[in-house]
2 protein chains.
Amino acid sequence: MTTLSVFMDVPLVQKLEGGLLKTYKQDDYPNKMFLAYRVCMTSEGRPWVSSVVHKLRLQIAQDPSLNYEYMPAMGMKSFIQASLELLFGKYSQVIVENRVGGVHTVGDSGAFQLGAQFLKTWRCNSQTVYIISSQKELHGLVFQDMGFTVYEYSFWDSKQLCMNPNMLLDVLEQAPHGCIFVIGNIGNCKLTRYQWAKLMGTMKSKQIFPFFDIPYQGLSTGDLEEDTKFLHYFVSGGFEFFCSQSLSRNFGIYDEGVGILVVVALNNQLLLCALSQLMNFAQALWLTPPTTGARIITSILCNPALHKAWKQSLKGVVENIMLIKEKVKEKLRLLGTPGSWDHITDQNGTHSYLGLNTKQVEYLVKKKHIYIPKNGRINFTCINACNIDYITESIHEAVLFTKGSERRFQNVSDSQLE
Amino acid sequence: MTTLSVFMDVPLVQKLEGGLLKTYKQDDYPNKMFLAYRVCMTSEGRPWVSSVVHKLRLQIAQDPSLNYEYMPAMGMKSFIQASLELLFGKYSQVIVENRVGGVHTVGDSGAFQLGAQFLKTWRCNSQTVYIISSQKELHGLVFQDMGFTVYEYSFWDSKQLCMNPNMLLDVLEQAPHGCIFVIGNIGNCKLTRYQWAKLMGTMKSKQIFPFFDIPYQGLSTGDLEEDTKFLHYFVSGGFEFFCSQSLSRNFGIYDEGVGILVVVALNNQLLLCALSQLMNFAQALWLTPPTTGARIITSILCNPALHKAWKQSLKGVVENIMLIKEKVKEKLRLLGTPGSWDHITDQNGTHSYLGLNTKQVEYLVKKKHIYIPKNGRINFTCINACNIDYITESIHEAVLFTKGSERRFQNVSDSQLE
C-alpha cells in the first residue's frame, strides 16, 4: 500500500535571507569581500568579542558554586534587573516607581515573539503593526506570521541621504488609531524638540502603542545613556510601552542570543498583571531560557571594574567605526568621487548606508566582487586597512561607470555618469 | 489628563505551576522535604550533572579557535546530526535513506512550540490534539494557546497501579480521523506485540500524526537504545512523525535547555520542504538558537571516550534510582505497610507514582511536611540515606491513618484504614 505523505502539500521555502552570503561563498574570485555581516568585526576580520567576556566565560566554567538547575520561566532575576538598570539607569523614574519589568528572552527575535503573542491576545481590537526603522527589519515576519497586518517603512531618505524625521512623522499621520508602532533605531534619527513633541503628541492622541527595538545599546554613539535617551522622553510622557533589548551584539556573545522584553506600565499593579501573562507565554515558548549569556552579562554589569572595562571596550569599537568612516570619506574625496559623502560620517553605528543606487550596488557586486545588500547599507567594521583601498576605488568606479535608473547625485550631469 | 492603561483589562495569572514549591519554601518546619523537583538529584541533594560536562564547560571556555558568530536559524549542524544518531543509531534506516532531519530548539518546550506552529499552518484540516502520557504534560498549553482543541489523557492506571496500554488503545479508539497524537513516555508503557500492531494499525488507518516526546533518553532504562526502540517500530511501519528530543536532563545541563525537533518523512524531498518551513518559524521564534548547551553535547557525543563515559554515568544514575526504589519498597515491607508496593520498582525513570490516593498525599504534605504532587508522582532521586526512613515511615502512617475517598488498597478492610 502506498502511503500519502503528511508533508505532500508543503512547499520548499526559497531562502530570502542569506542569499547574498550564499552567492559570496560560491564566488571563486580570490579578493571577494562580504560587507554585510550582522556582527561587529575586528580589524583582523573576526567577530568582535568584548575583552571582558573571555575572562567571564572561563570564570563561570570554573565556578564550583554554580547551580545548573532550571531557571524560572521569567528567567534570571539578577540578569533582568541589571539589564533594566542598564537601559533606564538605576535611579530612573520607572525603576524607583517599580513600574518597569522584564522577561528574559531567547535569541534576537524572542522578545518580539513574546511581545507579539501578548499583543495578539490582549490588544485584539487593533491588529495593525507599523514597523518603522532605518532599515528592513526581520521582525516584520514575526508579526505577519501571527496574523497582524504589517506595514513597513524606513526613515532613511535615499534622496537627501539622511535619516529623515519627517518620514517618520508622515507615517504616523496616516497610521490608524490604536495601532502598534515598532520603532527601531530611532536614536539614529535626529528629531528636534518640536518634532519629538509632535511625535509623542500624535502617538498619544491616536493611542498608538510603542514597541521599541534596542538591538545594541552603546554601539550606536559609544555612550550607553545617549543610545537610550529617547526612552526617558516616553517615560516622562506617561507612555506605556514594550521594548526589545538584545544584548548579544554589545557584548559580542552572538552565539548566546540573549535579551529581555521590557514592559513599562503606568503602575506596579498593571505591570505585574502584564508580566504574569508574559510568563505564561514564555513558558509555552521555551519553558525556561538558557543561561550562559545571561550569566556572562550579569557578572559584567554587577562588577564595577568589569562594567567599566566593558563600557571602555564599546567606546573603542565606536571610535574605530568613526575612524573607518572618516577614512572612507577621505579616500573618496582624494579620488575625486563625485558628490558629497558626509552622510557616511553623519550616520551612527556599525551599519550605515553608503548612499548608492541599485545600479551602483550591482556594479560593486557583479564587477568588483564586493557583496553588499541592494539598499547599500553596509557593515563598516568589515572595512579594514587591507581592503579599504580596493573598496573605495571600486565605489569610485561604480559611481563613474554606472548610469542609475534613479539618480543619486542630483548635481551630477548625465555626461559625468556615462 | 488621566491616561487609561493599555494593560487595564489584563488579569493577573494565578500561577498553576510552582505552587507546591512555593508552599514548601514558605514552610518553616526544619525537616520539610520536596520530592517533586524536575531534575535528577544526587545523593547529596544537588542537581545531577554528568561528570563529563564540567570538563567540557572548561574546555569550551578555553578554546581560542571558537567562533562566537550567530548560528544559522536551523541551529548547529553537527549538534543536530549527533542528536539524530543518538536517537536512531548511525546506521538506521531513516538516516541512511536521508529522510530524517532536525531543527535545533530552545528550552524544553521549544520543539513543541515549533512543531505546533508547523502543524497549525500545514495541517489545518485537523486541529485536534490528543496528549497522552504517563503524567500531565506542560505542552498541552503550547497547543491550547495556539488554538488547537486539546484532550489530555494519562495511561497511568491508578487502580491497577501500572501503565496500562489498554487506556492508550481506548483513547485511540475514540480519537477522530486525522488528529495529532502527542505521545510521552510510551517506553514506560509495556505493550505486547499484538498491542503494538493494534496501535500502529489504528493510527495508520485513522491517519493520526504522531508527535513523540523523548524528554531524557537513557534515564528511563539506563540503556539509550532501549529508551527509543519504539521509534524504530514507527519508522518500519512507514510513519512520518515529529519528535521532541530534549537533551537537558540526560546531560545535566538544565540551565541550557537544549533539544531538537526531529522530522521523519517518507523521502528526502518531503523532508527538505518540511525543514525549510520549520526554519522560517524558528527564525521568527528566536532567530538563532543559543549554543553553549549544543556545544557541550556535541563535544561529548562526537568523542568516543567521552561518549562512553557519559553512557556510563547515565547507567550509574539509573542503577541508583532502582536501588532507591528497592529500598523504599523493602522499608515499607518491613514496616508492614498494607498492600503491594511492586508498582514502585515496576516503573522506570526518575519520576514514578507512589500509588497513593489524594487523602494520603494530603496527609504527607500537611502532617509530615513532605511535599509531593496531588497525583503522588515523585522524583525518586530526591530520596536519599538521610531522608528515606522519615519518608517511608510517613507513607506508612499516611496509609494507616487516612480514609481515602477512593480506596487505594482494594484488599484492605475499612477498619484497617480508620
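**Exercise 1. Starting from Arg295(B), establish its burial state and trace the salt bridges that connect it to chain A.**

Step 1. Arg295(B) has a relative accessible area of 8% and is therefore buried, where buried means under 20% relative accessible area, exposed over 50% and partly exposed in between, with a 1.4 Å probe and protein chains only. The structure is a predicted model, in which local features need pLDDT of at least 70 and side-chain atom pairs count only at pLDDT 80 or more, while totals for chains, interfaces and linings use all residues. Residues are numbered from 1 along each chain as its sequence is written, chains are lettered from A and ligands numbered from 1 in the order in which they are written, and side-chain values use heavy atoms, with hydrogens and water left out.

Step 2. Arg295(B) forms a salt bridge with Asp255(A), the closest N and O atoms being 2.8 Å apart; the term stands for a side-chain nitrogen of Lys or Arg within 4 Å of a carboxyl oxygen of Asp or Glu. This pair crosses between chains, running from helix H12 (residues 292-301) of chain B to the loop between E9 and E10 of chain A. Helices (H or I, at least four residues) and strands (E, at least two) are DSSP runs, numbered from the N terminus.

Step 3. Asp255(A) is itself buried, at a relative accessible area of 0%, and its side chain also meets that of Arg57(A) in a salt bridge (3.4 Å, N to O). Because Asp255(A) lies in the loop between strand E9 (241-246) and E10 of chain A and Arg57(A) in helix H2 of chain A, the pair ties together parts that are 198 residues apart in sequence. Arg57(A) counts as buried too, at 9% relative accessibility.

Step 4. Salt bridges that share partners join Arg57(A), Asp255(A), Glu256(A) and Arg295(B) into one network.

**Exercise 2. Describe the interface of chain A and chain B by its area, its residues and its polar pairs.**

Step 1. The size of an interface is often given as the accessible area lost when the parts come together. Chain A and chain B bury about 6,600 Å² between them, 63% of it on carbon and sulfur atoms, the buried area being the accessible area (1.4 Å probe) that two parts lose on being put together, summed over both. Phe7(A), Tyr68(A) and Tyr70(A) supply 14% of the area that chain A buries against chain B, more than any other three residues.

Step 2. With contact taken as heavy atoms within 4.5 Å, the interface draws 80 residues from chain A and 80 residues from chain B.

Step 3. Two salt bridges are counted between the chains, and 36 residue pairs across the interface are in polar contact, both residues at pLDDT 80 or more. A polar contact is a pair of N or O atoms within 3.5 Å; within protein, one must be able to donate a hydrogen and the other to accept it, and residues adjacent in sequence count only if both atoms are side-chain atoms.

Step 4. Of the side of chain A that touches chain B, the largest share, 12 residues, comes from H11(A).

**Exercise 3. Locate the salt bridge of Asp108(A) and its partner within chain A.**

Step 1. Asp108(A) pairs with Arg38(A), the closest N and O atoms being 2.8 Å apart. The two lie in distant parts of the chain, 70 residues apart, with Asp108(A) in the loop between strand E2 (100-106) and H5, and Arg38(A) in the loop between strand E1 (33-34) and H2.

Step 2. Asp108(A) counts as buried at 12% relative accessibility, whereas Arg38(A), at 29%, counts as partly exposed.

**Exercise 4. Identify the residues with the most contacts inside the largest nonpolar core, and the surroundings of Phe181(A).**

Step 1. A nonpolar core is a set of buried Ala, Val, Leu, Ile, Met, Phe, Trp, Tyr and Cys residues joined through side-chain atoms within 4.5 Å. The largest has 289 residues, and those with the most contacts inside it are Phe88(A), Phe181(A), Phe88(B) and Phe181(B). Helix H11 (residues 268-286) of chain B gives this core its largest share, 12 residues.

Step 2. Not counting residues up to four places away in sequence, Phe181(A) touches residues including Tyr130(A), Leu172(A), Met203(A) and Phe211(A).

**Exercise 5. Assess the predictor's confidence in chain A and in the complex.**

Step 1. The mean pLDDT of chain A is 91, and 95% of its residues reach 70 or more; pLDDT is the predictor's confidence in each residue, from 0 to 100. The complex is given an ipTM of 0.89 and a pTM of 0.91.

Step 2. Over residues 404-418 of chain A, pLDDT stays under 50. Where pLDDT is low, the predicted coordinates should not be read in detail.
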